[in-house]
Amino acid sequence: MTTSLDGYASFKYFLISSPAEYVAHVEINRPEKLNAFFEDMWLEMGRVFGQLSHDPNVRAVIFSAVGERAFSSGLDVQAASQGNGVLSPEGTSDGSRFATRARRHIYEFQDSISAIEKCEKPVIVVMHGISIGLAIDMSCCADVRICSKDTKFSVKEVDIGLAADIGTLSRLPKIVGNHSWVKEVCLSARFFDADEALAVGFVSRVLENKAKAIEAAMTLAALIASKSPVAVQGTKEILNHSRDNSVADSLRYTAVWNSAMLQSNDLSTAMLSGIKKTKPRFEKL
């Protein structure tokens with residue numbers, strides 16, 4: 001049974017609930033605009049995942065979107081081009097000053113999206129329908145990617161005259177590993193479907209529809225949440241570190257990490273429950 005999660009009612013553009021013990025469900029909530037993002041939204045998203053990261057009542061996160069048509073249609077280009085938007089030149093005719101303002105905007109935007117990756121808890125993203133541009137940036141930050149059969153993906157940025165700058169070009173090559181395919185979809189902005197995403201390893205599962213995809217994510221999230229939070233959060237941290245560092249550096253990092261974390265009671269609790277064939281209960285972290 002889905003319940004509210006204490007401390008998250010004030011967020012405007014995201015619905016946050018708890019469908020199972022220690023599981024949070026974050027939903028993008030702007031379906032009338034195909035869940036397109038503007039500045040207030042991505043800043044709020046950064047705060048949402050920052051709060052979830054340190055919430056002891058959360059051990060796994062599902063990330064999806066309200067509405068049947070789109071996970072996200074990406075950047076709200078019209079909003080970004082107006083007033084003080086990230087793409088607007090308004091307010092200065094000096095190139096250096098515009099560049100400085102734009103760079104600060106981009107860093108802030110990057111940090112908000114990277115909050116998904118930096119969240120200490122595993123994040124399972126569920127995509128459906130239109131999933132383009134920023135949708136790829138966000139999903140690349142997640143730990144597990146699941147989608148419905150109707151999902152249509154595109155690294156769309158070249159079609160609006162820019163190189164993707166929020167994370168796709170940095171993360172997608174490391175997720176997929178096929179640089180020819182990555183360059184093909186990024187340079188052409190062509191659409192690819194769920195079956196192709198599964199074939200290249202961008203997603204790990206394709207379900208019949210959005211409802212079934214969310215159901216699968218909830219089952220996985222509940223399973224992860226039943227494990228030791230010390231072990232799960234440590235595993236995410238070490239896997240992310242190993243992606244960006246050498247094997248030797250990662251082994252050294254793992255040794256230092258576990259020299260601290262092996263002092264947890266979770267180790268004996270898990271081992272004892274295995275011997276007794278009982279379900280272990282772990283303290284909040």
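Which residues form one aromatic cluster together with Phe153? The partners are Trp181, Phe192 and Phe202. Keep in mind as you look around that this is a predicted model.

Let us stay with this cluster for a moment. Across the whole structure, a search finds 11 aromatic pairs. One of them brings together Phe153 and Phe202, whose ring centres are 5.7 Å apart and whose planes meet at 90°, an edge-to-face arrangement. This pair links distant parts of the chain: Phe153 belongs to strand E9 (residues 152-154), while Phe202 sits in the loop between helix H7 (194-200) and strand E11 (205-207), 49 residues apart. Both Phe153 and Phe202 are buried.

Now turn to another pair of rings, Tyr253 and Trp257. Their centres lie 6.2 Å apart and their planes are at 35°, so this pair is described as tilted. Here the two partners belong to one helix, H10 (residues 247-261), and because they are 4 residues apart, about one helical turn separates them. Tyr253 is partly exposed, at 25% relative accessible area, and Trp257 is also partly exposed, at 23%.

A ring can also meet a charge. The charged end of Arg59 sits over the ring of Tyr22, at 3.7 Å from the ring centre.

Next come the charged side chains. Side chains of opposite charge can pair when their charged atoms come close. How many salt bridges does a search of the whole structure find? The count is 12, and a few of them make good stops on this tour.

Begin with Arg30 and Asp76, whose side chains meet in a salt bridge with an N to O distance of 3.0 Å. Arg30 lies in the loop between strand E3 (23-28) and helix H1 (39-53), and Asp76 in the loop between strand E5 (70-72) and helix H2 (77-80), so the bridge ties together parts that are 46 residues apart in sequence. Are these two residues buried or exposed? Both Arg30 and Asp76 are buried.

Asp143 and Lys236 form another salt bridge, at 2.9 Å from N to O. It links distant parts of the chain, 93 residues apart: Asp143 is in the loop between helix H4 (134-141) and strand E8 (144-148), and Lys236 is in helix H9 (residues 229-244). The two ends have their own surroundings: Asp143 is partly exposed, with a relative accessible area of 29%, whereas Lys236 is buried, at 7%.

Helix H9 appears again in the next bridge. Lys174 pairs with Asp244, their closest N and O atoms being 3.0 Å apart. Lys174 is in helix H5 (residues 168-176) and Asp244 in helix H9, 70 residues away along the chain. Asp244 is partly exposed, at 42% relative accessibility. This bridge is part of a wider arrangement, in which Glu117, Arg171, Lys174, Arg243 and Asp244 are joined into one network by salt bridges that share partners.

From side chains, move on to the backbone and its strands. Strands of a sheet pair through backbone hydrogen bonds, either parallel or antiparallel. In this structure, 7 strands form an open sheet with mixed pairing, in the order E1-E2-E3-E4-E6-E8-E11. Strand E1 (3-4) and E11 stand at the edges; each has a single partner strand, so one side of each is left without a neighbour in the sheet. The partners E8 and E11 run in the parallel sense, paired over 3 bridges. If you look along them, you will find Cys147 opposite Val206 in E11.

Strand E2 (residues 14-20) holds Ser18. This serine is buried, at 10% relative accessible area, and its side chain reaches the backbone oxygen of Ala20 at 3.0 Å.

Finally, consider the cysteines. How many disulfides are there? The count is 0. Two examples help to explain this, given that the sulfur atoms would have to lie within 2.5 Å of each other. For Cys141, the closest cysteine sulfur is that of Cys140, and the 7.1 Å between them is too far for a bond. For Cys186, the closest cysteine sulfur is again in Cys140, at 8.6 Å, which is also too far. Both of these unbonded residues are tucked away from the surface: Cys141 is buried at 2% relative accessibility, and Cys186 is buried at 10%.

Conventions
Residues are numbered from 1 along each chain as its sequence is written. This is a predicted model: local features need pLDDT of at least 70, side-chain atom pairs count only at pLDDT 80 or more; totals for chains, interfaces and linings use all residues. Side-chain values use heavy atoms; hydrogens and water are left out. Buried means under 20% relative accessible area, exposed over 50%, partly exposed in between (1.4 Å probe, protein chains only). Rings of Phe, Tyr and Trp (its six-membered ring) pair if their centres lie within 6.5 Å; planes under 30 degrees apart count as stacked, over 60 as edge-to-face and the rest as tilted. Helices (H or I, at least four residues) and strands (E, at least two) are DSSP runs, numbered from the N terminus. A charge sits over a ring if NZ of Lys or CZ of Arg is within 6 Å of the ring centre and within 35 degrees of the ring normal. A salt bridge is a side-chain nitrogen of Lys or Arg within 4 Å of a carboxyl oxygen of Asp or Glu. Two strands pair if DSSP finds at least two bridges between them. A polar contact is a pair of N or O atoms within 3.5 Å; within protein, one must be able to donate a hydrogen and the other to accept it, and residues adjacent in sequence count only if both atoms are side-chain atoms.
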